[in-house]
Amino acid sequence: MRLLERMRKDWFMVGIVLAIAGAKLEPSIGVNGGPLKPEITVSYIAVATIFFNSGLSLKTELLT
């Protein structure tokens, strides 16, 4: 039970380890031209999402 509580507390670290393990087991998913299309998703979608999320965190007083 203690391990489950620890995993629930450190969910981000568990997710990182799972992502690394998945990339190690199946690296063909993330290559250029693969199913994730990193040449498009990283260049455009990820950058736009980061800027959008950053804009959402601004206080409205700073915008006016």
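**Two domains and a kinked helix**

The domain assignment, automatic or from a database, splits this protein into domain 1 (1–29) and domain 2 (31–63). Their centres, taken over C-alpha atoms, sit 23 Å apart.

A word on the source. This is a predicted model, where local features need pLDDT of at least 70, side-chain atom pairs count only at pLDDT 80 or more, and totals for chains, interfaces and linings use all residues. Residues are numbered from 1 along each chain as its sequence is written, and side-chain values use heavy atoms, with hydrogens and water left out.

Start with helix H2, residues 11–25. Helices here are DSSP runs of H or I, at least four residues, numbered from the N terminus. Trp11 is in H2. Is Trp11 buried or exposed? Exposed, at 60% relative accessible area. The cut-offs: buried is under 20%, exposed over 50%, partly exposed in between, with a 1.4 Å probe and protein chains only.

Trp11 also joins Phe12, Met13, Ile16, Val17 and Ile20 in a nonpolar surface patch of about 680 Å². Patch residues have over 30% relative accessible area and no salt bridge (a side-chain nitrogen of Lys or Arg within 4 Å of a carboxyl oxygen of Asp or Glu). Nonpolar side chains are joined within 5 Å. Areas come from the Shrake-Rupley method with a 1.4 Å probe.

Lys24 is in H2 too. Lys24 counts as exposed because its relative accessibility is 70%. From Lys24 to Thr60, 36 residues along the chain, the C-alpha atoms are 43 Å apart.

Now H3, residues 38–56. H3 kinks by about 30 degrees, centred on Ile45. That bend is the angle between axes fitted to the seven residues ending there and the seven starting there.

Notes:
Helices (H or I, at least four residues) and strands (E, at least two) are DSSP runs, numbered from the N terminus. The expected span of a helix is 1.5 Å times one less than its number of residues. Patches are made of residues with over 30% relative accessible area and no salt bridge: like charges are joined within 9 Å, nonpolar side chains (Val, Leu, Ile, Met, Phe, Trp, Tyr) within 5 Å.
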